[in-house]
Amino acid sequence: MADAAQAARHVLIAADKFKGSLTAVQVAQRVTAGLRRVAPEVTVESVPVADGGDGTVAAAVAAGFERREARVTGPLGEPVTAAWALRDGTAVVEMAEASGLQLLPEGEFAPLTATTYGTGEVIAAALDAGARTIVLGVGGSATTDGGAGMLAALGARFLDGAGAPVGPGGGALAALASADLSGLDPRLADVDVVLASDVDNPLTGPKGAPAVYGPQKGASPQDVAELDAALGHYAKVLSQSVGSLALEHAEARGAGAAGGIGYGALVGLGARFRPGIEVMLDVLGFAPALAKATLVITGEGSLDEQTLHGKAPAGVAAAARAAGIEVVAVCGRLALPAEALGRAGIRRAYPLTDVEPDVARCIAEAGPILETVAERIAGDFLR
């Protein structure tokens, strides 16, 4: 590795969070500390990244966006404070901040009634602040309501047979008799809404939002069947209001993201779907940083099969490989063979478990162990 060591003098750290242990910013700080202990002369730059899920606003703030807060409706209907970010007319909205699993009391789920209403309220706050582009990062949701709550917060009306608003959550959509999107905030017509997601599931069916992600949100098999039928009915009723496009969007990439909020964004907000990591790399200014780098360090808590399907490290590695720049990865746990890493553009992965085999200690002491891992990277690539 001598040639690589001679060349690698400008390191770019572009890692996601280690969920439950370290934020993306903390990962970058710990890796930097470890590198500099071995190679103090090296130039280190960091662009903490996220793929649209939880941690997206924090990554945007680390990149220079202004952190904003809004008091909104949480997934269970209670008030919560949701952070979002703004810079130069671009707002980054993370739906998990308003409608995420992280907001539920431990052990409590509400698969049929959790609402995305608060996410709509955050979008309204971004409109009030003058945003012309809204990046809607989705993931980590507690909800399976097809984005109906979000749209209702922005002025849509969803009524039952008696002309009353349907209740919150996906289960209530079974009673939906009419949908009216004409009252949606008119400012949305002049705003570019980007649906940033790392999943491309359709709204319903065996690969749809209820079947694939419902169980993670506490849905029983009966709940999954009920939600799938309710969301299918929701799409049919919407088609009576806005035309056949509503049914076509139910099959579109990303429609099933975050309990179907992707569908609501596509139909009601005129959003365009883009893989979350691609959007975030653009928003975070990754390309200018990459242009200066001779080695890229990416990573996340677990490098596994999911990583290869649109997660942050895969997106970072793909961009670096296209630029001809070598990539290594740090992680808490490694569940990919060397061949799979190579195909993803990652030269080598350094899991914390190589330093400390006890997984519980890796989680509890992730920061110091990550610094030791970074020292090993410096020894292999920078000396």
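This section describes the sheet, helices and charged pairs of a predicted model.

An open sheet is built from 5 strands in the order E2-E1-E11-E12-E13. The pairing is parallel. Strand E2 (43-46) and E13 stand at the edges. Each has a single partner strand, so one side of each lacks a neighbour in the sheet. On average, neighbouring strands of this sheet are turned by 25° against each other, direction ignored.

Within the sheet, strand E11 (residues 295-303) and E12 run parallel and are joined by 8 bridges. Leu295 stands opposite Glu326 in E12. Two helices can be placed against these strands. Helix H13 (residues 312-322) lies across E11 and E12, and runs at about 160° to E11. Helix H16 (residues 366-381) packs on the sheet and touches E11, E12 and E13. The direction of H16 makes about 150° with that of E13.

Charged side chains were examined next. Side chains of opposite charge can pair when their charged atoms come close. The structure holds 21 salt bridges. Glu326, the residue opposite Leu295, takes part in one of them, with Arg347. The closest N and O atoms of this pair are 1.9 Å apart. Arg347 lies in the loop between helix H14 (338-343) and strand E13 (348-351), whereas Glu326 belongs to strand E12 (residues 326-334), so the pair ties together parts that are 21 residues apart in sequence. Arg347 is partly exposed, at 42% relative accessibility. Glu326 is also partly exposed, at 25%.

A further salt bridge joins Glu365 and Arg361. Here the closest N and O atoms are 3.3 Å apart. Glu365 is partly exposed, with a relative accessible area of 33%. Arg361 counts as partly exposed at 40%.

Asp16 and Lys17 provide a buried example. Their side chains meet in a salt bridge at 3.7 Å, N to O. Asp16 has a relative accessible area of 3% and is buried. Lys17 has 18% relative accessibility; the cut-off for buried is under 20%, so Lys17 counts as buried. The two residues also belong to a network of salt bridges that links Asp16, Lys17, Lys19 and Asp54.

Which buried residue has no salt bridge? Asp223 fits this description. The nearest side chain of opposite charge is that of Lys217, 13 Å away. A salt bridge requires a nitrogen and an oxygen within 4 Å, so a separation of 13 Å leaves Asp223 without this partner. Asp223 is placed in helix H8 (residues 221-242). Leaving aside neighbours within four places in sequence, Asp223 is in contact with Pro111, Leu112 and Gly218.

Helix H5 (residues 117-128) was compared with its expected span. At 1.5 Å a residue, the 12 residues of H5 should span 16 Å. The end C-alpha atoms are 17 Å apart, which agrees. H5 is mostly covered, with 9 of its 12 residues buried. The buried set begins with Gly118, Thr119 and Gly120. Val122, Ile123, Ala124, Ala125, Ala126 and Leu127 complete the set. Gly130 follows H5 and has a positive phi, near 90°.

Notes
Residues numbered from 1 in each chain as written. Predicted model: local features only at pLDDT ≥ 70, side-chain atom pairs only at ≥ 80, totals over all residues. Heavy atoms only, no water. Buried < 20%, exposed > 50% of the residue type's maximum accessible area, 1.4 Å probe, protein only. Helix = DSSP H or I, 4+ residues; strand = E, 2+ residues; numbered from the N terminus. Expected span 1.5 Å × (residues − 1). Lys, Arg positive; Asp, Glu negative; His and termini not counted. Contact = heavy atoms within 4.5 Å. Pairing = 2+ DSSP bridges. Axes fitted to C-alpha atoms, helices over the stretch in contact; angles between N-to-C directions.
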